[in-house]
Amino acid sequence: MATKKKAKSTGPATSGKAAKKLNGNANPDRGSGTPEARDTARHLLEIEAIHCRPDNPYIFTSGRASPVYIDCRKIISFPEARAKIMAHAHKMIEKTIGWSKIDVVAGGETAGIPFAAFLAALAKKPMIYVRKQPKGFGRMAQIEGELKPGKRVLLVEDLATDGGSKLVFIEALKKAEAKVTDCFVVFHYGIFPQSIEMLAAAGVRLHALATWWDALEAAEKHKYFDEKGLVETRAFLEAPEKWSASHGGRPPAPRPLGR
């Protein structure tokens, strides 16, 4: 296992260079470099939401192989980490969007729902959630909660890889005559440019607290990955498709509906 609690690393420094914030105009190849991003990454490592396994890569639904895996859902079970991460999120959204420009917070089914609830409570905003497809009975609703036409909606999810699933939620919200110009995630892979490009084509900016580059920097600084974990993770982040192909991964579909 390359993920260790405070594992010692004797290898050379591998921290990524800081880049612009993920505000829709970001360089998707590097982390944000903000104190909030670094602290978020550290908390994710502390609660073991981030795993590194280069000798036995994870195979995702897209077919890609990866030496690292993240489970943002674990945040909900750790009150202290959750409070700090959500405080960072609340502050970031105020800086990059402005809470005065948001009428409703929407959670994407299912992982985005708790984070939307936490943020809506902090910002004292109404909350709704959006299903991946309409439920098959009753009102056949795809959106739960009250959403009036013309409301400015912030879509919230736990993470984004290539951004495909976000388009499903955005389409549902726009069909309900909502205005959707921004999407927030706790964690963005930061290595697939199409995640920003696909949302930008729909008129939506992607905002994220942290990326894999932030996680790699924190894993090295706080010694959570061993040397091989650092080396293989960096190799994956710099050339994900190449790393995947050489470690048993399959080429993804032309337009995979990932997260």
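Here is a short tour of this predicted model, one selection at a time.

Before you click, note that residues are numbered from 1 along each chain as its sequence is written. Because the model is predicted, local features need pLDDT of at least 70 and side-chain atom pairs count only at pLDDT 80 or more, while totals for chains, interfaces and linings use all residues; side-chain values use heavy atoms, with hydrogens and water left out.

**Stop 1: β5, α3 and β6**

Select strand β6, residues 127–130. Strands here are DSSP runs of E with at least two residues, helices are runs of H or I with at least four, and both are numbered from the N terminus. In a regular strand the side chains alternate between the two faces of the sheet. You can see that in β6: I128 and V130 point to one face and are buried, whereas M127 and Y129 point to the other and are not. Buried means under 20% relative accessible area, exposed means over 50%, and partly exposed is in between (1.4 Å probe, protein chains only).

Now add strand β5 (residues 104–108), which runs parallel to β6 and is joined to it by four bridges. Strands count as paired if DSSP finds at least two bridges between them. Look for G108 opposite V130. To get from β5 to β6, the chain passes through helix α3 (residues 112–123) in a right-handed β-α-β crossover. Right-handed means that, with the strands pointing away from you, the path from the first strand over the helix to the second runs clockwise.

On to strand β7 (residues 143–144), which pairs with β6 in the antiparallel sense over two bridges. There, E144 is the bridge partner of Y129.

**Stop 2: β9, α5 and β10**

Select β9 (residues 179–188) with β10: the two run parallel and six bridges join them. V185 stands opposite A208. Throw in helix α5 (residues 194–201) and you have a right-handed β-α-β unit. How many residues of β10 (residues 205–211) are buried? Six of its seven.

**Stop 3: helix α7**

Jump to α7 (residues 227–238), whose twelve residues reach 17 Å from first C-alpha to last, close to the expected 16 Å. That expected span is 1.5 Å times one less than the number of residues. Find D226 at the N-terminal end: it caps the helix, with a side-chain oxygen 3.3 Å from the backbone nitrogen of K228. Finally, colour the buried residues of α7, among them L230, F236 and L237. Their cover includes β1 (50–52), α6 (212–221) and α8 (240–245).

Technical notes: Contact means heavy atoms within 4.5 Å. A polar contact is a pair of N or O atoms within 3.5 Å; within protein, one must be able to donate a hydrogen and the other to accept it, and residues adjacent in sequence count only if both atoms are side-chain atoms.
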